[in-house]
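Here are my notes from going through this model, as promised. Have the structure open while you read, and go point by point.

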Amino acid sequence: PLSSSDTCSEGISPLPLLLPPWTCECAEAQRDLKGEDCFDSRRLVWGGEEVVVMLVADGHGGGEASRHCRDHLLDCYLASAACDRPAPSLLGAGVAACERMHEEVVGMTTAGSTITIVALNLARLELSVCNLGDSEAWLVPRSGSPSRLTEDHRLDSSEPERQRVRGLGGHLAHAKNRAGAP
């Protein structure tokens, strides 16, 4: 949880239910077959502005990392952003929060988690999206076609991601096939 030293001067408080002319929904699109995936969402007043913050943690190799992210990442994200809610600050807060979760998780487990954080500032009508790995965020209008808001970082389907890993000195090979066999 946020400590008093982590909150902005205006404070963070639960938001009473207000009904805008549009909807904001957080949903699981698929069944969680292995018990590794988690999500969290919050609707709050943050620095005097109404904000909805959502998290998807897609576990890999066990659920410990995604559960830790579900329990701690949004608090870390909100504390990292402090009272500065414009999109560039929220993106920086996403990077800082994910780096902190990585440091915590590697000491606990060999499991991992991909992350998507979406922050919708209702006052500014500004949407900020951070993603790490293969979890996704979509903007789905009431009419028209949905738009993908995140980039796929899967090595098997993203040439830019393969190039990034090779550029860092990484070597790519299949450890397991899609069925999980070596």
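1. Starting at the N terminus, the elements of the protein chain come in the order β-β-β-α-α-β-β-β-β-α. That gives three helices and seven strands. Keep in mind as you look around that this is a predicted model.

2. How far would I trust it? The chain has an average pLDDT of 76, and 74% of the residues score at least 70. Helix 1 (residues 64-81) comes out highest, at 90, while strand 1 (residues 12-14) is lowest, with a mean of 41. Strand 1 sits in a stretch to treat with care: over residues 1-21 the pLDDT stays under 50. The model still has 35 contacts beyond four places in sequence for those residues.

3. On the overall packing, 35% of the 182 residues in the protein chain count as buried. Looking at contacts with a separation of 6 or more, 56% of them are between residues 24 or more positions apart. The chain exposes about 11,000 Å², and carbon and sulfur atoms supply 54% of that.

4. How many disulfides does the structure hold? Zero. As a reminder, a disulfide is a covalent bond between the sulfur atoms of two cysteines. Take Cys 76: the closest cysteine sulfur, in Cys 98, is 8.6 Å from its own, so the two are too far apart for a bond. Cys 98 in turn has its closest cysteine sulfur in Cys 130, at 6.9 Å, and that is also too far for a bond. Cys 76 is buried, at a relative accessible area of 5%, and Cys 98 counts as buried too, at 16%.

5. Salt bridges are where I'd spend some time; the count comes to eight. One of them pairs Arg 124 with Glu 49, at 3.1 Å from N to O. Arg 124 is in the loop between strand 4 (112-121) and strand 5 (126-132), and Glu 49 belongs to strand 3 (residues 49-60), so this pair ties together parts that are 75 residues apart in sequence. The two ends sit in different settings: Arg 124 is partly exposed at 36% relative accessible area, whereas Glu 49 is buried at 14%.

6. Compare that with a pair of sequence neighbors, Arg 70 and Asp 71, which form a salt bridge with their closest N and O atoms 2.9 Å apart. Here Arg 70 counts as partly exposed, at 29% relative accessibility, and Asp 71 is partly exposed as well, at 40%.

7. Which salt bridge should you look for in helix 3? Arg 162 and Glu 159 meet there, at 2.7 Å from N to O. These residues are three apart in helix 3, so about one helical turn separates them. Glu 159 counts as partly exposed, with 33% relative accessibility. Elsewhere, salt bridges that share partners join Asp 40, Arg 42 and Asp 75 into one network.

8. Last, the surface. Leu 127, Leu 139 and Leu 149 form a nonpolar patch there, with about 230 Å² of accessible area together. Leu 149 is in the loop between strand 7 (147-148) and helix 3 (159-167), and it is partly exposed, at a relative accessible area of 31%. The cut-off for patch membership is over 30%, so Leu 149 qualifies on that criterion.

Definitions and conventions
Residues numbered from 1 in each chain as written. Predicted model: local features only at pLDDT ≥ 70, side-chain atom pairs only at ≥ 80, totals over all residues. Heavy atoms only, no water. Patch = residues over 30% accessible without salt bridge, like charges linked within 9 Å, V, L, I, M, F, W, Y side chains within 5 Å. Areas by Shrake-Rupley, 256 points an atom, 1.4 Å probe, with all protein chains shown as cover. Salt bridge = Lys/Arg side-chain N within 4 Å of Asp/Glu carboxyl O. Helix = DSSP H or I, 4+ residues; strand = E, 2+ residues; numbered from the N terminus. Buried < 20%, exposed > 50% of the residue type's maximum accessible area, 1.4 Å probe, protein only. Disulfide = S-S within 2.5 Å. pLDDT = per-residue confidence, 0-100. Contact = heavy atoms within 4.5 Å.
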